[in-house]
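Thank you all for coming; I would like to walk you slowly through one structure this morning. Please keep the sequence and the picture in view while I talk.

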Amino acid sequence: MIKKTKKRRVAARPAQNPRSHIQAQKRYDVLIVGGGLAGVAAALETARAGLRVAIVEKTILWGGLATTGLVPLYMPLCDGKGRQVTFGISEELLHRSIRYGPGRVPQRWRKKEQTGPDTPADELAKHDELYAGSNMGERYMTVFSPMAFALAIDEAMEESGAELWLDTLACTPIMAGQTVSGVEVENKSGRIALMAKCVIDATGDADIAFRAGAPCTDNPLFPSILYQYVSLALAREAGEKGSARRVVTFGGNGANEMGVGYHGGTKKYSATDGKDVSEFVMQSRRLARLHFAEKQKTGGQTSRENCYPAALPAMAQFRMSRMIDGQETVMANRCNQRCETSVGLIADCRKVDAVWEIPYGSLLPRKVEGLLAVGRCMAAEGYAWQVTRLIPAVALTGQVAGIAATLAVQRETQPHSLMPADVQRQAQAKGICLHIS
Ligand SMILES: Cc1cc2nc3c(=O)[nH]c(=O)nc-3n(C[C@H](O)[C@H](O)[C@H](O)COP(=O)(O)OP(=O)(O)OC[C@H]3O[C@@H](n4cnc5c(N)ncnc54)[C@H](O)[C@@H]3O)c2cc1C
């Protein structure tokens, strides 16, 4: 017999008076806005330090571009000359990215505890074979499945004890003078004020910093798209090799971060203009359609069955969109140069022996306090932005912001008032390398 469930009557609510639209208020030590890898690293760092932490994410997956955005490559933690430069949660996340899916760390970077005793030797050898002779293969990096990574991040976030707010859009910063003291968020419960002693902007687009009045720099981009697809050819190859690693693989169309691959016919779009974002997304999906039309042209009747899209990005794939004008900046011409306020190192993925020191002040917006900005929206200049936006760098700066936020809360002060030396000491204690030599 089918049990009848009672329908719950929900009383219609009158439209909210704009002045009393907040339905609830909650208080935390640290509030992180944006659950990409920068936000995730910040949440892990602060929650593990025992603070009361909340993280809000507008989609329903943690990981941002690296999961929802289908980016599949964890760029190198090393300088290409055999030296690891990026450590800490950034390294932890690299290993988590392959916990539930394919991907291997090259032999020379593999530590006993990371391979596990049950990994067959021939499986491990496959990765090394694949990249033999290429500089990328030698580097401490990996290809990963974005959805496998998403599951592994869930695990880390659950273990951390941070309060997790998915499907929650951060709307307006709440200001006390020039200090950010919380953020109004909106979800199925309505508008909620999340108050915090320290806020971390990990939106990728510096949304909170900008709306709080911090000066920022915009960077419009040509459309491009990275997607997943399946094909008969790949399935055959998988059968022959006995490995499902590439059954679903990656394809793309459009300009890369340098504008290479741009064939004209479209304009640049701004990630910070609502209408432009829709047009960018529609244009980029049009590029995917064109790509599949081309691929399927050659296969006759069965072409649609033998090569088709498996997944499209569920967030706009803007690489560099808007960043804060920082108290300090990662400068393009400071490659391989010492910086006295450095809180960590990041390596270029395209060049060998090109490493930048990250000044603490590049996470601090100007004119606004109580706020750190991390990930691809921290302050960088010219080519250096191409490096600070990469996955290892965003995870590193997320952790460093978490370290600074923890210190600020413990000392009842602002991140802007901390001495860089204090943040450096804590970062070093966590195994983060500060200087090139
Ligand atoms: C096409 C493309 C290819 C790339 N390829 C590589 C690569 O191969 N290797 C590599 O290392 N890097 C690559 N990158 C760069 C890298 O993936 C990203 O720069 C990095 O993942 C950004 O991390 P993030 O946390 O700073 O920002 P994001 O990943 O953008 O995360 C920001 C998060 O904040 C959320 N958010 C934003 N606004 C709000 C709001 N108002 N309220 C709530 N949540 C909000 C978003 O939903 C998102 O989850 C690529 C980028 C692109 C676009």
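**A sheet, a ligand and two unusual residues**

Let me begin with a pair of strands in this predicted model: strand β10, residues 224–231, is joined to strand β11, residues 248–254, by 7 bridges, and the two run antiparallel. If you would like one pair to look for, find L226, whose bridge partner in β11 is G252.

β10 also pairs with strand β12, residues 307–311, again in the antiparallel sense, this time over 4 bridges. Here you can find V230, whose bridge partner in β12 is Y308, and S231, which stands opposite C307 in that strand. As a reminder for those new to this, strands of a sheet pair through backbone hydrogen bonds, either parallel or antiparallel.

Putting these pairings together, we have an open sheet of 3 strands in the order β11-β10-β12, with antiparallel pairing. The edge strands are β11 and β12, since each of them pairs on one side only, and from one strand to the next the twist averages 50°. Helix α8, residues 232–241, packs on this sheet and touches β10, β11 and β12, while its direction makes about 55° with that of β10.

Now to the ligand. How many residues surround the ligand, and which are the closest? There are 34 of them, and the closest are G34, G36, G64, G204 and G375. The elements that give two or more residues to this shell are α1 (37–48), β6 (169–176) and α12 (391–410), and α1 gives the most, with 3 residues. By type, the shell divides into 17 nonpolar, 11 polar and 6 charged residues.

Where does the ligand lie with respect to domain 1 and domain 2? Domain 1, which covers 23–71, 150–218 and 321–429, and domain 2, which covers 220–318, both give residues to the shell, and therefore the ligand lies between them.

Finally, a point about the backbone. Most residues other than glycine have a negative phi. N336, however, has a positive phi of about 60° although it is not a glycine, and its place is in the loop between β13 (322–324) and β14 (342–347). Is N336 buried or exposed? N336 is exposed, because it has 12 other C-beta atoms within 10 Å, and a residue counts as exposed at 12 or fewer.

K367 also has a positive phi, near 70°, and is found in the loop between β15 (355–359) and β16 (371–373). With 12 C-beta neighbours inside 10 Å, K367 counts as exposed.

Definitions and conventions. Residues are numbered from 1 along each chain as its sequence is written. This is a predicted model: local features need pLDDT of at least 70, side-chain atom pairs count only at pLDDT 80 or more; totals for chains, interfaces and linings use all residues. A residue is near a molecule or strand if its C-beta atom, placed from the backbone, lies within 6 Å of it. Ala, Val, Leu, Ile, Met, Phe, Trp, Tyr, Cys and Pro count as nonpolar, Asp, Glu, Lys and Arg as charged, and the others, Gly among them, as polar. Domain bounds come from an automatic or database domain assignment. Two strands pair if DSSP finds at least two bridges between them. Axes are lines fitted to C-alpha atoms, for helices over the stretch in contact, and angles run from 0 to 180 degrees between N-to-C directions. Two residues are in contact if their C-beta atoms, placed from the backbone, lie within 7 Å. A residue is buried if 20 or more other C-beta atoms lie within 10 Å of its own, exposed if 12 or fewer, and partly exposed in between; C-beta atoms are placed from the backbone.
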